[in-house]
Amino acid sequence: MSSSFPSAPVDALPVVVIAGRPNVGKSTIFNRLVGRRQALVADTPGVTRDRKEGQATVRGRNIRIIDTAGLEEAAPDTLYGRMRASSESAVADADLVLFCIDARSGITPADQHFANWLRRQGRPVLLIANKAEGRQGAAAAMEAFSLGLGAPLAISAEHGEGIADLMAEIVDRLPPTDAPPVQKNTRRLRREQAESADGEVEDVRPPGPLRLAIVGRPNAGKSTLLNRLLGEERMITGPEPGLTRDSIAVMLSDDEGPIQLVDTAGLRRKARIDETLEKMSVSASIEALKMAEVVILVLDATLGVHEQDLQIARLIEREGRCCVLALNKWDAVEDRAETRQAIKDRIEMSLAQMRGIPVVAFSAMTGAGINKLLPTVRRAYEVWNRRVATGALNRWFEMMIERHPPPLVDGRRLKLRYITQAKSRPPTFIVFGTRTDQLPEDYQRYLVNGLRETFDLPGTPIRLLLRASSNPYAKS
C-alpha cells in the first residue's frame, strides 16, 4: 500500500518478539518486561489481535518488545489468518523470538507445528515454558525439549517467577554492541515562534513528538486510516466491527517532525458494553484520549453524525484536547455538499464550545484526500498551544465590556476589571472582578466567542475561569 507520508522512523534498538499460540500468557510476559500493565490481559483466548510495541531496559540494555496475536492455522482471508500474517511479519524483523508454550497444558500439535515453522525462519529463538509455577510446573516444562528449540526456560509471568532469569537470557542472546547505544533525539527543539506582526500572539510548543490519538465508533475506519498514514498493513482491518481491542501506539513523521500515533478500540454507548474485555478496551481508549494532545475523531461520512459521535466529541472537549473531525468513506458519499453542510450544522448546533472545529473529508481505503489530514492536525495543534499577550488581551477586554457591559445583578452592575491568560494547552483565561461568581452563562459565552474570533482560536476548547477581587474595606 502506498502512502504520501513517510513511514515510522527506523529504530536502532534490538527487537524482541513474543510469539506462541493463543492464551499461553504472551501479553502477561510483555507487561512484565515493560514494567507496567500496557497490554490488555484476560482469561480469554485471542485477546491480542494487533502487534503491540513497548520499550524496556533489561539488564542495562534498551530493547523494543513486540507482543503478537496468537499463532493459529487459518485461511488468509479470515480474521485469524490476518492475525497470523501480522505475527509472522513481526517475527521476520526480530532479533530474538520468545516462543511461549503453556507448561500446564503440555505440548500441543499447534506448538509443534509452529516450532517447526520458527526453525525455518532462521531467527534466534528462546523457548519459554510459561505457567510453570512450583515444582510440578517446572517438571512439566521439561517436556518442551521435544520441540527441538533448545532448553526451555520455566517461568510464571503471572506470579513473577523466573522473570529475572528471562531478562538475563534475553540480553545474552541479543546481538552484541561494540559501543553504548546512541541516545537518539527525535524531539524537536522548543519552538517559540509565529508571533503576529505586532507581537501580540505567540505559538509556544514544548519539545517532543506530537501525541495524536484516533478515536471513534466501531467500524468507522480508524485502523484503515492508521495503515494508510504508515503506508503498511500495521493494523488488522476487515468488515467485522470491533477488530481493534487495545490501544496501539506507533511512530511516524511528517515534514514538521515526529508523531506518536495511537489507534484505539471503537467507543460504544455504555448501555451496549457488556463484556469485561470490551470494558477494558473502552478504558484503554479513553486513557489514550486523555494522554493525547490532538484527537482525530473519525466519522463514517455515509452515516452522518451519530449521537455517540457527539458524546465522544464532548469527552474530548471536557479533557481539554484539540480535535480534528475526520469524515471517512467520503468516496461513498453521493451528495457531498449536502452531507458536509448537514454534518457542519449538527456539529455547530451540538458542540458550541468547539465552534470552528476543523473538518477533513477523505477515503482511508483509497487514500483520496488523506494528504490534508496531518497538515490540519498540525494547524489545530498550533491553535491549542497559542498564547495571547496580556496587553492585547486587556485592550480587547475593555472593548468587549464597552460594547456590551456586564448585566445588573440585584440592581448592581458587576465590575470586571481585567483578564489574563493563565496557560495554553488548551487556552485558559482568568477574568478578575467583583462578584464574578454571579456572571451569567450567556455573558461568559459572549466573552469566549469573542476570544475565539478575535485571536483566531477555532475549534479548540477555551477555558474561562472567574476570580473575585478582594474588597479591602470588607470586615474581617
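Let's start with strand 10, residues 248–254, in this predicted model. Five of its seven residues are buried, so strand 10 is largely enclosed by the rest of the structure. Its partner is strand 11, residues 257–263: the two run antiparallel and are joined by seven bridges. Together they make a hairpin, with two residues between the strands. If you want a spot to look at, find A249, which stands opposite V262 in strand 11.

**The six-strand sheet**

Next, move to an open sheet of six strands. Their order is 2-3-1-4-5-6, and the pairing is mixed. At the edges you'll find strand 2 (52–58) and strand 6 (153–154), each of which pairs on one side only. Strand 6 runs parallel to strand 5 (residues 125–130), and two bridges join them. Here I128 stands opposite L153 in strand 6.

Which helix packs on this sheet? That's helix 5, residues 163–173, which touches strand 1 (15–20), strand 2, strand 3 (61–67), strand 4 (96–102), strand 5 and strand 6. The direction of helix 5 makes about 170° with that of strand 5.

**The three-strand sheet**

There's also an open sheet of three strands, in the order 18-19-20, again with mixed pairing. Strand 18 and strand 20 (463–468) stand at the edges with a single partner strand each, so one side of each is left without a neighbour in the sheet. On average, neighbouring strands here are turned by 25° against each other, direction ignored. Strand 18 and strand 19 run antiparallel, with seven bridges joining them. Helix 11 (residues 390–403) lies across both strand 18 and strand 19, and it runs at about 145° to strand 18.

One cross-strand couple is worth a stop: Y418 stands opposite F432 in strand 19. How far apart are the centres of their rings? The distance is 4.7 Å, and the planes are at 15°, so the pair is stacked. Since Y418 lies in strand 18 and F432 in strand 19, the pair ties together parts that are 14 residues apart in sequence. As for accessibility, Y418 is partly exposed, at 40%.

Aromatic pairs turn up elsewhere too: the count comes to five. Ring pairs also link W396, F397 and F455 into a cluster.

**The loop between strands 18 and 19**

Now for the loop that connects strand 18 (415–423) to strand 19 (428–434), where S424 sits. Is S424 buried or exposed? With a relative accessible area of 12%, S424 is buried. Leaving aside residues up to four places away in sequence, S424 touches W384, N385, R386 and R387. Another residue to compare in position is R463: 39 residues separate S424 from R463 in sequence, while their C-alpha atoms are 9.5 Å apart in space.

P426 is found in this loop as well. The peptide bond joining R425 and P426 is cis, with omega at about 0°. For background, most peptide bonds are trans, and most residues other than glycine have a negative phi.

**Two positive phi angles**

That brings up two arginines. R59 isn't a glycine, yet its phi is positive, at about 50°. You'll find R59 in the loop between strand 2 and strand 3. R435 also has a positive phi, near 50°, and its place is in the loop between strand 19 and helix 12 (441–454). R59 is exposed, with a relative accessibility of 55%, whereas R435 is buried, at 19%.

**Cysteines**

How many disulfides does a search of the whole structure find? The result is zero. Take C322: the closest cysteine sulfur to its own belongs to C323 and is 7.9 Å away, too far for a bond. A disulfide would need the two sulfur atoms within 2.5 Å. C322 is buried, with a relative accessible area of 1%, and C100 counts as buried too, at 0%.

To wrap up, here are the accessibility values for the residues above.

| Residue | Relative accessibility | Class |
|---|---|---|
| C100 | 0% | buried |
| C322 | 1% | buried |
| S424 | 12% | buried |
| R435 | 19% | buried |
| Y418 | 40% | partly exposed |
| R59 | 55% | exposed |

Terms used
Residues are numbered from 1 along each chain as its sequence is written. This is a predicted model: local features need pLDDT of at least 70, side-chain atom pairs count only at pLDDT 80 or more; totals for chains, interfaces and linings use all residues. Side-chain values use heavy atoms; hydrogens and water are left out. Helices (H or I, at least four residues) and strands (E, at least two) are DSSP runs, numbered from the N terminus. Buried means under 20% relative accessible area, exposed over 50%, partly exposed in between (1.4 Å probe, protein chains only). Contact means heavy atoms within 4.5 Å. Rings of Phe, Tyr and Trp (its six-membered ring) pair if their centres lie within 6.5 Å; planes under 30 degrees apart count as stacked, over 60 as edge-to-face and the rest as tilted. Two strands pair if DSSP finds at least two bridges between them. Axes are lines fitted to C-alpha atoms, for helices over the stretch in contact, and angles run from 0 to 180 degrees between N-to-C directions.
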